[in-house]
Amino acid sequence: MDGIEITTLAQRPELAGRLWDMEDTWPEFARHDPMGELLYPRMIEELADHVLVATDGGAVIARGFSVPFALHAPGRDGRLPARGWDQVLLWAFADLRSGVAPDTVSAIEITVAADRLGEGLSGRMLGAMRANARARGFAEVVAPVRPSGKPAEPGTPMEEYAYRTRGDGLPYDPWLRVHVRAGAVIDSVAPLSMTITGSLAQWREWTGLPFDTTGPVLVEGALAPVRCEAGQGYAAYVEPNVWVRHALDA
């Protein structure tokens with residue numbers, strides 16, 4: 001045994017305050033999505049059965065958030081939304097408030113501690129998320145994937161990048177490849193999965209860049225250019241993600 005244990009937060013509620021203790025590789029601007037700022041505390045408090053924590057001894061080394069929601073509710077009809085990450089969070093908490101029975105689980109985040117990258121933990125966390133959903137009676141996990149290699153190609157359209165494959169037929173992108181190896185299929189691109197806006201001063205603080213000229217700005221860690229409107233005093237980032245579907249065995 002390697003000493004790594006993956007549990008739900010419901011099983012280890014004492015870890016709630018330690019989920020962000022580990023150093024990770026998220027860019028600073030990505031921490032300011034308004035849906036995330038609003039709903040992460042509620043996931044911890046109200047959906048602890050769907051929050052996963054990996055520990056090694058006393059250290060938290062990975063976390064995973066997911067939400068149950070009704071993908072097949074009237075008006076949704078099983079179609080994964082173009083607004084991706086933001087929309088599925090809204091749906092999940094709207095369903096929870098209204099008492100709508102969920103039929104699907106969506107991944108929200110899988111993050112591995114920066115000093116534990118390369119150990120296969122992301123795949124283990126994905127497997128644990130699939131197993132957790134299956135154990136709770138769900139037949140499908142979906143995920144608005146943030147391809148890990150896309151920041152190196154911010155100008156490449158996601159429709160082109162998402163479907164690029166290697167010689168063995170697997171996705172070119174490493175994180176998409178983990179999902180496909182786990183049994184997922186690529187469903188579609190979510191062109192406006194996450195929208196982050198801020199004043200020019202905020203973007204300067206988040207990135208260290210001047211944000212003083214109207215037009216696209218290349219920001220480290222971004223999957224697409226950030227649009228700066230210098231004359232209007234703000235900049236906006238619209239992130240595309242890739243929807244994948246994991247059918248779960250009974």
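Biologist: What makes the pairing of Asp24 and Arg31 a salt bridge?
Modeller: Their closest side-chain N and O atoms are 2.8 Å apart, and a salt bridge needs a Lys or Arg side-chain nitrogen within 4 Å of an Asp or Glu carboxyl oxygen, so this pair qualifies. Please note that this is a predicted model, where local features need pLDDT of at least 70 and side-chain atom pairs 80 or more, while totals for chains, interfaces and linings use all residues. Residues are numbered from 1 along each chain as its sequence is written, and side-chain values use heavy atoms, without hydrogens and water.

Biologist: Why is Asp24 called buried, and Arg31 partly exposed?
Modeller: Buried means under 20% relative accessible area, exposed over 50%, and partly exposed in between (1.4 Å probe, protein chains only). Asp24 has 11%, so Asp24 is buried; Arg31 has 34%, so Arg31 is partly exposed. Both belong to a salt-bridge network with Glu28, Arg63 and Glu109.

Biologist: How do you know that Arg116 and Asp56 form a salt bridge?
Modeller: Their closest N and O atoms are 3.1 Å apart. Arg116 is buried at 17% relative accessibility, whereas Asp56, at 24%, is partly exposed.

Biologist: What makes helix 1 oblique to helix 2?
Modeller: Helix 1 (residues 34–46) and helix 2 (residues 84–98) pack at about 45°, with axes 11 Å apart. Angles under 35 degrees are roughly parallel, over 145 roughly antiparallel, 65 to 115 roughly perpendicular, and the rest oblique; therefore this pair is oblique. Helices here are DSSP runs (H or I) of at least four residues, numbered from the N terminus. Axes are lines fitted to C-alpha atoms over the stretch in contact, with angles from 0 to 180 degrees between N-to-C directions.

How values were computed
Helix = DSSP H or I, 4+ residues; strand = E, 2+ residues; numbered from the N terminus.
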